[in-house]
Amino acid sequence: MRIPAHSVCTAIREDIVSGVFERGSRLTEEVLARRYGVSRVPVREALRTLESEGFVVTRRHAGACVAEPTEQEAADLLEVRMLLEPLGAARAAHRRSDAHLKVLRGLVRLGQERARRGEGEDLRSLGGWFHETLAQASGSPGLIALLTQLRHKTTWMYAIESPARPVDSWAEHGAIVDAVARGDAERARALTAQHAERAAAAYRLRRPGRTESAAARTGRVSTSQHAVNTPSGRH
């Protein structure tokens with residue numbers, strides 16, 4: 001059975017974002033094909049996609065390598081995300097389905113309960129699902145794809161600290177959902193912009209240390225395995 005290139009692309013992207021493949025390290029088709037249990041064809045296609053997304057660069061005499069974004073590129077990325085998320089919320093106010101609204105309200109309820117109890121372990125995942133669902137509710141495939149890519153790259157470039165007051169953060173989520181439910185696009189946009197600006201204060205740029213730089217030069221890869229031709233969890 002031929003493994004789809006998008007499955008291989010997802011696996012490589014996740015390994016880049018999580019640091020399995022470090023910045024500047026080489027990505028050879030043969031090693032990747034062996035790692036994921038696939039042929040070199042879907043790996044080659046996946047690397048082309050990841051290069052178009054900015055995760056991979058092709059270097060003379062080295063081939064495909066994990067990109068090494070600059071501080072300015074990281075700052076630009078965050079600024080673009082802060083501009084697009086409010087647009088997604090405004091569109092969601094007009095295009096959301098009842099199913100989207102049900103999921104958003106359920107996530108807010110869970111987030112508020114766990115924030116009140118001080119159960120912070122799952123709050124980051126819940127927040128990710130909230131913003132993913134809000135983007136899906138925009139009904140714009142192009143915007144959804146952009147926001148998904150921006151979330152991946154933000155996680156890759158930044159360490160994100162937990163909010164100092166998670167109860168307040170989830171109250172903001174709830175207010176956004178209320179505006180979306182009422183079809184108030186301008187309020188949804190404004191509230192999401194304010195929330196994104198406050199959340200950005202918790203982002204800390206990841207700075208590769210000497211160990212990572214040395215590993216990148218030698219092309220070292222973590223030993224953890226990530227086969228894509230077997231059932232796996234949520235991506």
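Helices α4, α6 (123–136) and α7 each contribute at least two residues to the lining of the largest cavity in this predicted model. The space inside the largest cavity comes to about 60 Å³, and the structure has 1 cavity of 30 Å³ or more. Its lining consists of E85, G88, A89, H131, L134, A135, L147, R151 and T192. By class, these residues of the cavity lining are 4 nonpolar, 3 polar and 2 charged. Rolling a probe the size of a water molecule over the atoms shows where empty space is left.

One of the lining residues, E85, sits in helix α4. E85 counts as buried because its relative accessibility is 11%, and the cut-off for buried is under 20%. Leaving out residues up to four places away in sequence, E85 touches H131, L147, T192 and A196. Of these contacts, H131, L147 and T192 also appear in the lining of the cavity.

The largest pocket holds about 1,600 Å³ of space. It is lined by 49 residues, and R81, R124, G127, G128 and I160 are the ones that lie nearest its centre. Which elements supply at least two residues each to the lining of the largest pocket? They are α1, α4, α6, α7, β3 (158–160), α8 (166–182) and α9 (185–200). Helix α6 gives the most to this lining, with 8 residues. The pocket lining divides into 18 nonpolar, 16 polar and 15 charged residues. Helices α4, α6 and α7 thus appear in the list for the pocket as well as in the list for the cavity.

The nonpolar interior can be taken next. The largest nonpolar core has 34 residues, and the members that touch the most others are I12, I16, F21, L27, L32, V56 and W156. Two or more residues of this core come from each of α1 (5–17), α2 (29–36), α3 (40–53), β2 (63–66), α4 (71–95) and α7 (141–157). Helix α1 provides the largest share of this core, with 6 residues. V56 shows what one of these members contacts: beyond residues up to four places away in sequence, V56 touches I16, L27, L47, L50, E51, A64, C65 and A67. A second core of 22 residues is separate from the one just described, and A90, L104, F130 and A179 are among its members.

A179 is a member of that second core and is located in helix α8. Is A179 buried or exposed? It counts as buried, because its relative accessibility is 0%. Apart from residues up to four places away in sequence, A179 touches A93, D184, R187, A188 and L191. From A179 to R189 the separation is 10 residues in sequence and 8.9 Å in space, taken C-alpha to C-alpha.

Two loop residues come next. S140 lies in the loop between α6 and α7. S140 has a relative accessibility of 11% and therefore counts as buried. Its contacts, once neighbours within four places in sequence are set aside, are R91 and R95. H61 is placed in the loop between β1 (56–59) and β2. With a relative accessible area of 78%, H61 is exposed, since the cut-off for exposed is over 50%. What is the sign of phi at H61? H61 has a positive phi of about 70° although it is not a glycine. Most residues other than glycine have a negative phi.

The remaining values concern the protein as a whole. It contains 10 helices and 4 strands, and along the sequence they follow the pattern α-α-α-β-β-α-α-α-α-β-α-α-β-α. Of the 235 residues in the protein, 42% are buried. When contacts between residues at least 6 apart in sequence are considered, 76% of them join residues at least 24 apart. The protein exposes about 12,800 Å², and carbon and sulfur atoms supply 51% of that area.

Technical notes:
Residues numbered from 1 in each chain as written. Predicted model: local features only at pLDDT ≥ 70, side-chain atom pairs only at ≥ 80, totals over all residues. Heavy atoms only, no water. Core = buried A, V, L, I, M, F, W, Y, C linked by side-chain atoms within 4.5 Å. Buried < 20%, exposed > 50% of the residue type's maximum accessible area, 1.4 Å probe, protein only. Contact = heavy atoms within 4.5 Å. 1 Å grid on protein atoms, 1.4 Å probe; cavity = no way out; pocket = protein on both sides within 12 Å on 5 of 7 lines; lining within 4 Å. Points joined across faces, edges and corners; volume = space filled by probe spheres on them. Nonpolar A, V, L, I, M, F, W, Y, C, P; charged D, E, K, R; others polar. Areas by Shrake-Rupley, 256 points an atom, 1.4 Å probe, with all protein chains shown as cover.
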